[in-house]
Amino acid sequence: MRFMSTRDPELSAGFADALSQGLAPDGGLYVPQVWPRLAPEAFGAAEDLAAVGTRLLEPFAAGDVLAASLGDILTEAFDFPAPVVALPRERLSILELFHGPTAAFKDFGARFLAASLGRLRRGASRPLTILVATSGDTGGAVAAAFHGRAGIEVGVLFPKGLVSPTQERQLTCWGGNVRSFAVRGTFDDCQRLVKQAFMDRGLRAGRELSSANSINLGRLLPQAVYYAAASLAIWRRHGEPASFIIPSGNLGNSVACVWARKAGLPIRDVLLAHNANRTVPDYLATGEWRPRPSIATLASAMDVGNPSNMERLRALYPRLDELRSAVSACTVDDAAIRERIRSGYRQMGQIWCPHTATAAEAYERLPEALRESRRWVLVATAHPAKFREIIEPLIGREVPVPESLARLFARPSAYQEIEAELASLARALEDRPA
Ligand SMILES: *Cc1c(COP(=O)(O)O)cnc(C)c1O
């Protein structure tokens, strides 16, 4: 299959090229040119993520250099589960996406991209440098996924002093082929530096540069796999389609769900739970697209004022009425997030991260008739232990730390401080560690 740019259907690339390039050359995002139709029966008895994923992604990778290794890539990348767990409410369950090495759903996409690029790079003559600007979960997931891979090095740029202590540890605990740069500036400075690095001939002369940005098809498409596996599990158990409530920011996770439905999986409603950054809910309500600067909230990984993947949703549903019947959206402010974390613990014995709490709140706000006529699945995007500072005072107890995170927190941390200018980044990149 070919993937075309959202801005020009004539501009297309195969699977491997699309995920090596990241963005299409015209600045658009890659989307599938055609859609497979996979009924639940097409999956046979496949249950685990690798088996379901191989069947789901086969048509997308058909004819590509990566087609033959798809099964191996998925087995390597998805070596942790994504369980659907029943909640103490009728017809409600939760899809836990936080069992990977950095305890957030971004591990799925980052690990799939790393396993794919690892194979594509075998025998390459020049080293590949992946630069990632991060203010939260992305940097940690990308660093973890590429750590120890031969022929690929990673530079993680984060704003010095502007990420939480827990986040900083995840960004700086790797060593080896992963280097962390604390930039004396803001997150926007980090992003600007990465963009400047891409345009700099000097830097590009000795190495290939790539980004592992969340708009990369190689991060987004594999996320459809857990929606496929979860909806199949519910279909087989109850004979009903699943409806998902997804904590959303840049819309990568939600577009993956919509794509899974488009490919034929038994998925009914898709509800986007946003925090106080309400660009998407406002758009669905008014029909006016008004991106704005992001606002800082407790669900910080969703602090996006201009969600890039809206371009993919609109490519699929160009008319507003189509889009409105494809997804709905709501906005949850910090006060409601706090209250939902408290009551989730009190009423259901659940400990939710602030992102997951937006989905739980969105569920409670549904009209009763709608709550009762669907099989709802809350999507849990991060483990609560990553947000202990916020959660513990609200629920009045310690949040247990999973073993994978504890291991990560125990590693020594190191970073190099740089100025918010390209020359400083270039010097740091040249100054290769032993
Ligand atoms: C990135 C992230 C989100 C938002 O996902 P998008 O794909 O950007 O919509 C939600 N929750 C957590 C924990 C995240 O890390």
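# Exercises on a predicted model

The protein has 20 helices and 14 strands. The model is a predicted one.

**Exercise 1. Overall size**

Task: Compare the radius of gyration of the protein with that of a compact globule of 434 residues.

Solution:
- Step 1. Start with the rule. For 434 residues, a compact globule would have a radius of gyration near 22 Å.
- Step 2. Take the value for the protein. Its radius of gyration is 21 Å.
- Step 3. Compare. The value agrees with that of a compact globule.
- Step 4. Add the spans. Along the principal axes, the C-alpha trace covers about 60 × 50 × 40 Å.

**Exercise 2. Inside and surface**

Task: What percentage of the 434 residues is buried, and what part of the accessible surface belongs to carbon and sulfur atoms?

Solution:
- Step 1. Use the cut-off. A residue is buried when its relative accessible area is under 20%.
- Step 2. Apply it. Buried residues are 56% of the 434.
- Step 3. Turn to the surface. Its accessible area is about 17200 Å². Carbon and sulfur atoms hold 50% of that area.
- Step 4. Look at the charges. There are 50 positive and 46 negative side chains. The centres of these two sets lie 0 Å apart.

**Exercise 3. Contacts along the chain**

Task: Take the contacts between residues at least 6 apart in sequence. What percentage joins residues at least 24 apart?

Solution:
- Step 1. Keep only pairs at least 6 apart in sequence.
- Step 2. Among these contacts, pick those that join residues at least 24 apart. They make up 73%.

**Exercise 4. Two helices**

Task: Check the lengths of H4 and H10 against 1.5 Å a residue. Then find their buried residues.

Solution:
- Step 1. H4 runs over residues 106-120, which is 15 residues. From first C-alpha to last it reaches 21 Å, close to the 21 Å expected.
- Step 2. H10 spans residues 224-238, also 15 residues. Its reach is 21 Å, close to the expected 21 Å.
- Step 3. In H4, 14 of the 15 residues are buried. This helix is mostly covered.
- Step 4. In H10 the buried residues include Ala224, Tyr227, Leu232 and Ile234.
- Step 5. Go past the end of H10. Glycine 239 follows, with a positive phi near 65°.

**Exercise 5. One residue**

Task: Is alanine 228 buried or exposed? Which residues does it touch, leaving out those up to four places away in sequence?

Solution:
- Step 1. Locate it. Alanine 228 sits in helix H10.
- Step 2. Read its relative accessible area: 0%. Under 20% counts as buried, so alanine 228 is buried.
- Step 3. List its contacts. Alanine 228 touches Val52, Leu56 and Leu265.
- Step 4. Try a distance. Alanine 228 and serine 328 are 100 residues apart in sequence. Their C-alpha atoms are 20 Å apart in space.

Key:
Residues numbered from 1 in each chain as written. Predicted model: local features only at pLDDT ≥ 70, side-chain atom pairs only at ≥ 80, totals over all residues. Heavy atoms only, no water. Helix = DSSP H or I, 4+ residues; strand = E, 2+ residues; numbered from the N terminus. Rg over C-alpha atoms; globule rule 2.2 N^0.38 Å. Buried < 20%, exposed > 50% of the residue type's maximum accessible area, 1.4 Å probe, protein only. Contact = heavy atoms within 4.5 Å. Areas by Shrake-Rupley, 256 points an atom, 1.4 Å probe, with all protein chains shown as cover. Lys, Arg positive; Asp, Glu negative; His and termini not counted. Charge placed at Lys NZ, Arg CZ, Asp CG, Glu CD. Expected span 1.5 Å × (residues − 1).
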